[in-house]
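Start with the ligand and work outwards to the pocket that holds it. Follow along in the viewer.

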Amino acid sequence: MATERNGAEGMSAVRRAWLRELGVERLWNLPGAVASAAPPAAPEPDASPAAQEEPMAPSPGPVPAPVAAGSERVESVAFVQEIPAQEIPVPAATPADPGQAWAALQDEVRDCMACGLCKGRTQTVFGTGSPKARWLLVGEAPGEQEDKQGAPFVGRSGKLLDSMLASIARSRQQDVFIANVIKCRPPGNRDPLPEEVARCSPYLMRQISLINPEMILVLGRFAAQTLLETDARIGSLRGKVHSLSVAGRPVPVVVSYHPAYLLRSPAEKVKAWQDLQLALSVGRARN
Ligand code: URA
């Protein structure tokens, strides 16, 4: 992890700028501070990077439960939602050596022709960061820039994501792995089709299994609904700690807005900040 520095004077310019943009003066993520991710009350607009809005089912609603017994700070903000924990499958042929398994997965993704998206791509976008990262960030699918450069979140929304990470003293190179549900660019940045999700999401599941992250931060409605196997609205998924079962181990999942949505709706950045605080509080509760 990047080192946490105390006090505003120790902050990098980008971190200070992001905090100022949010109107945040206090460093809530410093030890002893209080996170404030209140569950949102009002329905949220669609936060997908794509323009379409899918019909949404009503939210099942959270079941309030403390994430970490004995931690007042976390109890006050975090809820475990009773969703069926999705078991992440590991393919039978996975090499025992994690490094080999990772390289094999990279090769498979690079050569994938499992759906029609392979015809329009420049290249697949496997993800970036360290496979040993403690946090996994999951977005939707590559856009035009990502397709060209072969890396996730390299356009405007990627820059915003970098600023958001910097605001909590994390960097995409060292502290997180960033992946998408879909590894090839959908034409015109349309929402991926169910068939494409079905073909591609097993790659993400294998990435999750191999990284075995401490926490998954899901960016946007599409990725959240796919990973949590729900059609609940993003507004009802935020502000809670969900859970995925990875090799029998529960991995907390926090949902936030997609950076592309934040670019269109800057007022919502405060909520994204709250989501980051929730993610940090989850990490602290587990350490
Ligand atoms: N939007 C995403 O969801 N992922 C990317 O990699 C880029 C934009």
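The ligand is surrounded by Gly139, Glu140, Ala141, Glu146, Pro152, Phe153, Asn180 and His258, each with a heavy atom within 4 Å of it. By class, this shell splits into 3 nonpolar, 3 polar and 2 charged residues; Gly counts as polar here. The model is predicted: local features need pLDDT of at least 70, side-chain atom pairs count only at pLDDT 80 or more, and totals for chains, interfaces and linings use all residues. Residues are numbered from 1 along each chain as its sequence is written, and side-chain values use heavy atoms, without hydrogens and water.

Now the polar contacts (pairs of N or O atoms within 3.5 Å). A polar side-chain atom of Asn180 lies 2.8 Å from a ligand nitrogen. Phe153 places a backbone N or O atom 2.9 Å from a ligand oxygen. At Ala141, a polar backbone atom is 3.1 Å from a nitrogen of the ligand. Taken alone, the ligand exposes 240 Å², and the protein buries 93% of that (Shrake-Rupley, 1.4 Å probe).

Where does the ligand sit? It occupies the largest pocket, with more than half of its atoms within 2 Å of the pocket's grid points. That pocket holds about 470 Å³ of space, counted as the space filled by probe spheres set on the points. A pocket is an open set of points on a 1 Å grid where a 1.4 Å probe fits, with protein on both sides within 12 Å along at least five of seven lines; lining residues have an atom within 4 Å of a point.

The lining has 20 residues, with Gly143, Glu146, Ser157, Asn189 and Ala260 nearest the centre. Helix α5 (144-149), α6 (156-167) and α10 (259-264) each give two or more residues.

Conventions
Polar contact = N/O pair within 3.5 Å; in protein donor to acceptor, adjacent residues only side chain to side chain. Helix = DSSP H or I, 4+ residues; strand = E, 2+ residues; numbered from the N terminus.
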